[in-house]
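User: Let's go through this model together. Start wherever you like.

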Amino acid sequence: MAEHDYDLIVIGAGPGGYIAAIRAAQLGLKTACVESRETLGGTCLNVGCIPSKALLHASEMFHAAQSGSLAKFGIDFSGVSLNLDQMHAEKAKAVGELTGGIEFLFKKNKVDWLKGHATFNSANSVDVAGKSYTAKNIMIATGSSVTPLPGVKIDHKVIVDSTGALALPKVPKHLVVIGGGVIGLELGSVWLRLGAQVTVVEYLDQILPGMDGEVRKEAAKIFKKQGFNIRTGTKVTGATVKGNTATLTVEPAAGGASETIEADCVLVAIGRRANTDGLALDKAGLTVNARGQIEIGHDFQTHVPGIYAVGDVCPGPMLAHKAEDEGIAAAEFVAGLTGIINHDVIPGVVYTYPEIASVGLTEEEAKEKAAASGGEVKVGKFPMMANSRAKTNRDTDGFVKVIADAKTDRVLGVHIIASIAGAMIAEACTAMEFGATSEDIAYTCHAHPTHAEALKEAAMAVTGKPIHM
Ligand code: FAD
Ligand code: NAI
């Protein structure tokens with residue numbers, strides 16, 4: 001009889017966990033995945049990436065039809081109306097198809113889904129729904145949840161988190177988003193397009209922390225033009241709810257006179273924190289770092305041998321594709337292979353309009369790093385205004401920026417604001433993964449007319465020789 005029930009038990013079936021489980025099974029390991037939700041796919045598929053992108057797409061189409069912005073192309077609409085229930089239904093269909101797809105893949109790859117909440121019993125066993133299971137290896141992929149804001153209690157009615165904001169039964173009159181990060185701007189865009197007045201309250205003096213400085217400035221300009229009311233350098237100190245109205249007390253982040261803002265919906269989106277509560281980590285001998293995350297080594301193993309961790313529960317960007325690639329690499333390590341992930345080349349995309357995408361170092365980070373080693377960087381920029389496809393599509397907001405090492409010309413970072421920046425950044429990722437120089441991109445033939453030509457031109461601009469500006 002086998003010493004353990006499984007070679008690997010994965011806790012959590014989000015992009016980190018379900019992908020790790022499938023890869024482990026593909027590599028011949030007897031694998032189970034524990035998930036407490038009714039459906040597989042984690043935050044991303046159920047209440048994150050997928051439903052938010054469904055609403056972003058649908059709201060963009062509604063706005064294009066309703067706002068009259070297509071009239072310049074000779075397309076006139078009249079009597080455009082919103083059927084929000086149908087919009088939610090179509091979103092739910094996409095979610096259902098994808099979560100059902102993972103269930104199919106589990107069956108196909110013979111991954112057992114242990115339904116319920118897992119708690120550690122020891123370093124080699126977990127309890128799920130009243131039963132104990134043992135495994136040679138255990139992988140924690142429990143993801144993250146919204147960071148609560150003291151004084152602003154999420155009541156899931158008037159004050160909501162991202163999950164609530166993905167399912168509002170009606171368009172709010174005034175939505176206040178606390179946090180000018182990715183969730184605030186994506187979901188703020190959805191409800192702005194559907195007719196809400198949207199105020200974003202951001203603690204820092206600029207939105208989108210962590211992104212390239214010029215990108216942050218340009219993005220704020222574009223969002224304000226779209227109708228967002230952006231209040232940077234402002235903190236929320238409390239909230240009260242009476243009936244269907246919330247009254248928020250805000251004051252300058254640096255201190256000063258307070259004022260109140262009324263809203264019929266408040267979205268708290270000030271970041272997310274690792275899910276480690278309720279796992280009984282102590283029974284496995286595990287601890288968390290000061291930020292509540294599980295620290296791992298290069299092979300995704302925690303300080304307890306045989307226990308691995310991937311995705312949002314670990315340090316690093318909280319992104320589905322980062323979790324996925326970690327899941328594959330970690331499963332390969334569990335199987336005795338060498339898993340590979342390049343944490344320096346993980347793209348980030350904000351799916352607003354236009355989209356904002358980046359990979360590698362920001363200009364500020366690149367300059368700081370170069371200065372520390374006596375080096376220098378070169379920067380090439382190309383405006384979408386000068387890109388022929390953007391001109392034809394009348395979507396000329398934004399630019400592409402390529403940052404390269406001045407001596408070696410190796411590309412260190414790429415930042416894009418453009419209607420389809422999310423698709424464009426993939427080329428930059430491949431180039432950087434292959435150690436490309438800006439010249440490599442500049443001498444690569446790009447199809448015409450495409451938005452991607454702006455990346456080529458920005459690469460040409462690194463050496464001061466773009467053609468179309
Ligand atoms: P999760 O996806 O959080 O999965 C963890 C799973 O573990 C959950 O299903 C949970 O139920 C389960 N679980 C937790 N504890 C236990 C337990 N003890 N027992 C059993 N099961 C347990 N990222 C992108 O890259 N692109 C996007 O467009 C994007 N959009 C987003 C939009 C929103 C609104 C949000 C909230 C997030 C978005 N993200 C996006 C982030 C992305 O969802 C996460 O980075 C990703 O889901 C992390 O994957 P994970 O596997 O680490 O964890
Ligand atoms: P975030 O970290 O992107 O933004 C949070 C914002 O809130 C920051 O700008 C921060 O300065 C601000 N903030 C913090 N405390 C505040 C306070 N008290 N008052 C006002 N502002 C405050 O976090 P967000 O938007 O909640 O998203 C969480 C995670 O989900 C992100 O790390 C992101 O990676 C992931 N995500 C990714 C998406 C994508 O890839 N397209 C989409 C949505 C989420």
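Analyst: I'll begin at ligand 2: one of its oxygen atoms lies 3.5 Å from a backbone N or O atom of Ala 269. That is a polar contact (a pair of N or O atoms within 3.5 Å; within protein, one must be able to donate a hydrogen and the other to accept it, and residues adjacent in sequence count only if both atoms are side-chain atoms).

User: Any ground rules?

Analyst: This is a predicted model: local features need pLDDT of at least 70, side-chain atom pairs count only at pLDDT 80 or more, and totals for chains, interfaces and linings use all residues. Residues are numbered from 1 along each chain as its sequence is written, chains are lettered from A and ligands numbered from 1 in the order in which they are written, and side-chain values use heavy atoms, with hydrogens and water left out.

User: What does the backbone of Val 349 touch on ligand 2?

Analyst: A nitrogen atom, 2.7 Å from a backbone N or O atom of Val 349. Ile 183 also uses a backbone N or O atom, 2.9 Å from an oxygen of ligand 2.

User: How much of ligand 2 does the protein cover?

Analyst: 79% of the 850 Å² of accessible area that ligand 2 has on its own. Areas come from the Shrake-Rupley method with a 1.4 Å probe; for residues, only the protein chains shown count as cover.

User: How many residues surround ligand 2?

Analyst: 22, with Ile 183, Glu 186, Glu 202, Gly 271 and Val 349 the closest. A residue counts if one of its heavy atoms lies within 4 Å. Helix α6 (residues 182-193) gives the largest share, three residues. Helices (H or I, at least four residues) and strands (E, at least two) are DSSP runs, numbered from the N terminus.

User: What's the chemistry of that shell around ligand 2?

Analyst: 14 nonpolar, four polar and four charged residues. Ala, Val, Leu, Ile, Met, Phe, Trp, Tyr, Cys and Pro count as nonpolar, Asp, Glu, Lys and Arg as charged, and the others, Gly among them, as polar.

User: Now ligand 1. Which residues come nearest?

Analyst: Gly 16, Glu 35, Thr 43, Lys 53 and Ala 320, out of 38 around ligand 1. An N or O atom in the Lys 53 side chain is 2.6 Å from an oxygen of ligand 1. Asp 312 puts a polar side-chain atom 2.9 Å from an oxygen atom of ligand 1. The protein buries 93% of the 990 Å² that ligand 1 exposes when taken alone.

User: Which element gives the most to the shell around ligand 1?

Analyst: α2, with four residues. The shell divides into 16 nonpolar, 17 polar and five charged residues.

User: Switching topic. How many aromatic pairs are there in the whole structure?

Analyst: Two. Phe 223 and Phe 228 have ring centres 5.5 Å apart and planes at 70°, so they are edge-to-face. Rings of Phe, Tyr and Trp (its six-membered ring) pair if their centres lie within 6.5 Å; planes under 30 degrees apart are stacked, over 60 edge-to-face, the rest tilted.

User: Is Phe 223 buried or exposed?

Analyst: Buried, at 1% relative accessibility. Phe 228 is buried too, at 4%. Buried means under 20% relative accessible area, exposed over 50%, partly exposed in between (1.4 Å probe, protein chains only).

User: And why do Phe 300 and Phe 333 count as tilted?

Analyst: Their planes are at 50°, with centres 6.2 Å apart, so the pair is tilted. Phe 300 is in the loop between β16 (272-274) and β17 (307-309), and Phe 333 is in helix α8 (residues 320-334), 33 residues apart.
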